[in-house]
Amino acid sequence: MKPGMLEYYAPTGLDEAVTLLSQVAEDGGKLIAGGQSLIPMMNFRLVRPPALVDLGAVAELTTVELTDAQLSLGAMVTTATVTSSPEIRHSWPLLAHAGTWVGHEQIRNRGTVGGSVAHADPSAEMPAVMLLADARFEVRSTSATRTIEAADFFCGYLTTSLDEDEILVRLTLDVPPAGTRWGFCEFAQRHGDFAEAGAACLLPPGGHPRVVAFGAADRPFRASRVESILADGGDADDRTLHEAVAADATQAGVSDRTKLRMLGTMMRRAITMARD
Ligand SMILES: Cc1cc2nc3c(=O)[nH]c(=O)nc-3n(C[C@H](O)[C@H](O)[C@H](O)COP(=O)(O)OP(=O)(O)OC[C@H]3O[C@@H](n4cnc5c(N)ncnc54)[C@H](O)[C@@H]3O)c2cc1C
C-alpha cells in the first residue's frame, strides 16, 4: 500500500519549519526526518497525516559540535554519521558502536538520531544510549524553547513528552571521562532487526556505573540494582546479576520470563565487554 493524499512542505530553515508545524499539527500534520519509520507506518495506513513538514533541507539541524566536555548533535544527523565520524567514535565510542546495530546501511544513511529518539521505539538503540548518557534534548515550538532530560522524555511505547507542535532540535551528551569503559550487547533474530533485548553500560573510572536495558519494556530503563552491584565493585555471580536485572525489569513492567532471561544474558555480556 501507499500513503494517502497529503500536503507536503519542505522548509529550508528552522524558523520556517517551526511555523509550518504549528499550522498543521492541530489537524494531525507531522514532521518527517529520514522517513524510515514514518513512511512504513504511512504505507500500512497506521498513521494518516494530512500534511508533512520535511526537515531534510533544514541545515541548522545537521550540525555536529564537539568540545572536550560535550557532544551536541543536530536532530537530523544521520545514524551513518554517528557510526562513521572519527570524532564521535573517539569521544562516544559506545554511541557509535550502538549505531551499527540500527537496521542496515541504507536505513542508517537516511534515518536520523532525532527521528529515532522522537519515534521512541522501545527496542531502538539511540533512545537507550541517550538515556544512558543522561542526554538533554532541546525542543522548539513557535511559543517556546525548552530542554527535556532523557529520563523525562520516553513516556511509553512510541510515546514521548514532545508536544505535537514541537520540533526536537538538538541532542546534547556529556563526553564520558577519559578511561571510561563501556559495553553494549543486544539480541535480535537477525542483525539489523530490532532488539528483542539489549543492555548497555558505562563504567567511568571512580564514578558511578550507569546501566540501561532496552527491547523488553515499553521504553528503555535504568537498571539501578545492577548499577548498585557494580558500584560496590562486586563481581556478581550470574545468579545475583540475573536476579538484579529481573527485579529492575519487573519494576519496569516486564513480566515475560523469556525476556527476563534474555535481559540477564545481555547484561552479563555487556558488563563483561566493558571489563575486558
Ligand atoms: C527495515 C528497517 C529496520 C530497522 N531497524 C532498526 C533497528 O534495528 N534499530 C532502530 O533503532 N531503528 C531501526 N529502524 C528505524 C530507523 O532507525 C529509523 O530511521 C528511525 O527509527 C526513525 O528515524 P527517521 O529519521 O527515519 O524518522 P522518521 O521516520 O522520519 O520519523 C519518525 C517519527 O519521528 C518524528 N520526528 C522525526 N524527526 C523529528 C524531530 N526532529 N522532532 C520531532 N519529531 C520528529 C516524525 O514525525 C515521526 O513521527 C529500522 C527501519 C527499517 C525500515
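In this predicted model, the lining of the second largest pocket is made up of ten nonpolar residues, five polar ones and a single charged one. The volume of this second largest pocket comes to about 260 Å³. Its lining counts 16 residues, and those closest to the pocket centre are H90, S91, P93, V175 and P176. Two elements each give two or more residues to this lining, namely α4 (86-91) and α5 (93-99).

Next comes the largest pocket, with a volume of about 1,200 Å³. Here 47 residues form the lining, and S37, L38, G115, A118 and H119 are the ones closest to the centre. Sorted by class, the lining of the largest pocket splits into 23 nonpolar, 17 polar and seven charged residues. Quite a few elements chip in: β2, α2 (38-43), α7, α8 (125-132), β9 (159-160) and β10 each supply at least two residues of this lining. Among these, α7 has the largest share, with five residues.

The largest pocket is also where the ligand sits. Of the elements around the ligand, β2 (30-32), α7 (113-119) and β10 (167-174) are those that give two or more residues to its shell. Once again α7 turns up at the top of the list, giving the most to the shell around the ligand with four residues. So far as residue class goes, the shell holds 15 nonpolar, eleven polar and four charged residues. There are 30 residues around the ligand in total, and L31, G35, Q36, L38 and T112 come nearest. L38 therefore shows up twice, being one of the residues nearest the ligand and also one of those closest to the centre of the largest pocket.The backbone also comes into play at the ligand. A backbone N or O atom of A33 lies 2.8 Å from an oxygen atom of the ligand, and a polar backbone atom of G34 is likewise 2.8 Å from a ligand oxygen. For W101, a backbone N or O atom is found 3.5 Å from an oxygen atom of the ligand. As for cover, the ligand on its own has 970 Å² of accessible area, and the protein covers 88% of that.

How values were computed: Residues numbered from 1 in each chain as written. Predicted model: local features only at pLDDT ≥ 70, side-chain atom pairs only at ≥ 80, totals over all residues. Heavy atoms only, no water. Near = heavy atom within 4 Å. Polar contact = N/O pair within 3.5 Å; in protein donor to acceptor, adjacent residues only side chain to side chain. Areas by Shrake-Rupley, 256 points an atom, 1.4 Å probe, with all protein chains shown as cover. 1 Å grid on protein atoms, 1.4 Å probe; cavity = no way out; pocket = protein on both sides within 12 Å on 5 of 7 lines; lining within 4 Å. Sits in = over half its atoms within 2 Å of the grid points. Nonpolar A, V, L, I, M, F, W, Y, C, P; charged D, E, K, R; others polar. Points joined across faces, edges and corners; volume = space filled by probe spheres on them.
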